[in-house]
Each structure stands twice: as C-alpha cells, then as structure tokens.
Amino acid sequence: MADTKNYDIIIVGGGPAGLACGQYSARAGRKTVIIEEMAPGGQTMIIDEIENYPGLEKISGYELAMKFEQQATGFGCEIAYAAVNFIKRLDDGSFELTTSDGTFASPVVVIATGAKHRNLEVPGEKEMIGHGVSYCATCDGPFFRKKKILVCGGGDSACQESMYLRKLSDDVTVAHRRDRFRAQASIVKAMTDAGIKTKMNTTVQSINSENNKVRSVTFLDKTSGETYTEEFDGVFIFVGNIPQTQLVPDCEKDEAGFIKTDSRMMTSIPGIYAIGDVRATPFRQIVTAAADGAVAAHYASEYIDERNNNAY
Ligand code: NAP
C-alpha cells in the first residue's frame with residue numbers, strides 16, 4: 001500500500017530493551033523504528049536510583065532512559081508514537097502492523113512490550129487506587145511523607161522500592177507471603193540495614209478505608225493462623241508482573257506466559273523476536289534487557305540478509 005511505512009526492523013516498545021535494540025539496529029545501517037505508545041524508557045522511568053548499571057555508579061531511571069533514547073535516535077533510529085493494534089504475518093513471511101498511526105511493514109518485528117504490574121486482588125485494592133494504594137513508589141511516595149507505609153511483596157521491586165519509601169518515612173513495613181524473600185541477598189541486606197520492618201509468612205486479607213482514604217490493612221499471620229488489623233496510610237504493591245504478549249498470541253510461551261526465544265532472541269515464529277521483560281528469562285535487569293536488544297538486533301540483521309539472499 002502506498003501509505004504503508006516500510007522498515008527493515010520494527011521494534012514494538014521503547015523500554016531499555018527496545019531502545020538498545022534500536023540503537024544497535026540503526027547503527028548497523030538498518031532502517032529502524034521503535035513504536036511506543038507512551039514515553040520511551042518503560043518502567044525504568046519510575047526507578048528512583050539505579051546503582052547496578054555497569055559503568056554508571058548512580059543514576060536516576062529517568063536520566064538513564066533519556067541516555068538510551070538519545071543514543072538510539074543519535075544513530076538514526078526513529079521513534080513513532082502510536083499503539084500497535086495488530087500484527088499480521090504476510091504470505092512472504094514479512095509483517096504488517098496496524099497501528100493508531102497507520103500501517104507499518106517490515107521483515108522483522110521485535111516484541112519489547114515489557115510487563116505490567118500484577119494486582120494483589122484483595123478487597124479494597126482496586127477501590128483505593130489513587131487514595132492510598134499505589135504501584136509506583138517514586139510517583140506516589142511523596143504523598144506519604146512521615147506516614148505509615150506498607151509494602152507488599154518479596155521480590156527485588158518490593159525490597160528496593162521500600163528503601164526509597166524509607167527515605168520519606170521512618171515507618172515502613174514489608175509484608176511477604178513466605179518465610180524468605182525472593183529478592184537478591186544484597187538488596188534484602190540493604191533493606192534490613194535501612195531499618196525497614198518485615199512481616200514474614202503474612203498475607204494481606206483486605207485494605208480498609210475510611211472517608212475514601214486507606215485507613216488500615218487486615219493481615220493473616222500464616223504461622224499462627226491469626227487475623228489482625230493494623231493502621232496504615234499507604235499501601236504499595238509490588239507482587240510481580242504480567243508479560244504484555246497480546247500482540248503475539250501464537251508465539252510459544254512458558255507456563256507463566258513469558259515469550260520463549262532461542263539464544264538469538266527469535267521466537268517460535270520466524271522473523272519475530274522478543275526481548276526484555278516480556279521474554280522468558282531467569283534474571284530480569286536493565287542490563288540484561290539491553291543485552292537482549294543488542295543480541296536481537298544483530299541476529300535480526302543476519303536474518304534479513306539470509307531472507308534477501310534466498311530471494312534470488
Ligand atoms: P518478582 O521477582 O516476580 O517477585 C514478586 C514477589 O511478589 C514475590 O516475592 C512473590 O512471592 C510475591 N507475590 C506474587 N504474587 C503474590 C500475591 N498474589 N500475593 C502476595 N505476594 C505475591 O517481581 P519483581 O520484584 O517486580 O521483579 C520483577 C523482575 O525485575 C525480577 O526479575 C527482578 O529481579 C527484576 N528487578 C530487579 C531489580 C534490581 O536488580 N535492582 C529491581 C527491581 C526488579 P513469592 O516469592 O512467594 O513467589
């Protein structure tokens with residue numbers, strides 16, 4: 001079609017994985033576009049401080065995301081602000097993407113759509129979003145300065161974000177459903193050293209409100225079997241993520257719904273790659289997302305060469 005925008009590589013999603021892929025792909029001379037619905041940077045944008053990105057001692061998530069974007073666009077990667085509605089595989093094995101900004105086409109699509117936060121699914125949670133329930137410490141933490149804060153979850157996010165909240169309040173408690181944290185040992189140590197209280201083997205039963213504000217939380221102590229209620233002003237929920245795979249329903253996934261790839265980041269559908277938080281991988285970091293992007297760009301470029309050679 002005349003108004004179709006044609007590229008060598010289309011990347012869906014502009015988090016660290018997508019931006020790194022865009023950088024490597026454009027630098028390799030491939031006509032590349034990242035299609036991003038919101039602002040580039042993904043979940044990195046809401047991280048207060050990053051201290052484990054190699055080569056950068058301490059940097060805010062926003063600043064790091066800006067650097068990723070500038071580097072990618074500096075090498076000629078385009079960014080299109082649009083929602084991708086549908087990806088269609090054509091008879092020749094290439095792809096057509098229907099978006100809110102028209103049709104895009106390419107022989108390669110890289111899925112870098114990341115993951116969205118999971119809900120706790122307890123009474124009071126949905127009702128109190130924006131009234132004391134939050135999924136983003138840097139966005140909403142300042143509303144709870146010097147207040148009593150509960151963090152739910154036991155992974156890196158819960159433990160790391162509790163440390164940001166501890167800078168705002170002396171009274172931060174992390175409640176985790178098991179007897180040990182899933183988070184990296186170094187993060188757990190930093191959290192306990194920061195004076196954050198913990199409730200282990202404890203599940204949240206309900207988030208209770210008064211005058212349209214969070215007032216208290218009811219817990220189940222799984223060791224004693226007792227249920228009790230404690231006052232809290234803010235509840236921050238970090239109980240994992242749900243991969244955003246709706247655009248590729250036919251790609252093979254693992255039991256948790258993350259997209260399976262080979263070591264070149266190719267999915268079960270030739271020409272579709274998956275990188276970053278949406279991909280089935282045992283360790284998710286900004287550095288591993290960026291590495292996924294570089295690997296995908298390299299092998300996607302090889303795939304395009306092979307396709308072109310086979311066409312003759
Ligand atoms: P995660 O590693 O999947 O951890 C989710 C936590 O929530 C687990 O402790 C889990 O408990 C708990 N949970 C899940 N469903 C629950 C429910 N219904 N009720 C109560 N608790 C529930 O998720 P994440 O912490 O968001 O991290 C996501 C990825 O990003 C990970 O790969 C992580 O390593 C990475 N990350 C890295 C850093 C860093 O390196 N600085 C920072 C943030 C995130 P169980 O333990 O019992 O399963």
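A polar contact is a pair of N or O atoms within 3.5 Å. In this predicted model, Arg-178 meets that cut-off: one of its polar side-chain atoms lies 2.7 Å from an oxygen atom of the ligand. Ser-157 also makes a side-chain contact, with an N or O atom 2.7 Å from a ligand oxygen. Arg-284 contributes through its backbone instead. There, an N or O atom lies 3.4 Å from an oxygen atom of the ligand. Taken alone, the ligand exposes 920 Å², and the protein buries 78% of that area.

The shell around the ligand holds 20 residues. Asp-156, Ser-157, Arg-178, Arg-182 and Gln-285 are the closest. Ten residues of the shell are polar, six are charged and four are nonpolar. Helix H4, which spans residues 156-166, gives the most to this shell, with three residues. Domain 1 (5-116 + 241-310) and domain 2 (119-237) both supply shell residues, so the ligand lies between the two domains.

The pockets of the protein were also examined. The second largest has a volume of about 390 Å³. Its lining comprises 17 residues. Closest to the pocket centre are His-131, Phe-144, Lys-213, Val-214 and Asp-233. Two elements give two or more residues to this lining: strand S10 (133-134) and strand S15 (213-221). S15 gives the most, with three residues. By class, the lining of this pocket has seven charged, five polar and five nonpolar residues.

Definitions and conventions: Residues numbered from 1 in each chain as written. Predicted model: local features only at pLDDT ≥ 70, side-chain atom pairs only at ≥ 80, totals over all residues. Heavy atoms only, no water. Near = heavy atom within 4 Å. Polar contact = N/O pair within 3.5 Å; in protein donor to acceptor, adjacent residues only side chain to side chain. Areas by Shrake-Rupley, 256 points an atom, 1.4 Å probe, with all protein chains shown as cover. Helix = DSSP H or I, 4+ residues; strand = E, 2+ residues; numbered from the N terminus. Nonpolar A, V, L, I, M, F, W, Y, C, P; charged D, E, K, R; others polar. Domains from an automatic or database assignment. 1 Å grid on protein atoms, 1.4 Å probe; cavity = no way out; pocket = protein on both sides within 12 Å on 5 of 7 lines; lining within 4 Å. Points joined across faces, edges and corners; volume = space filled by probe spheres on them.
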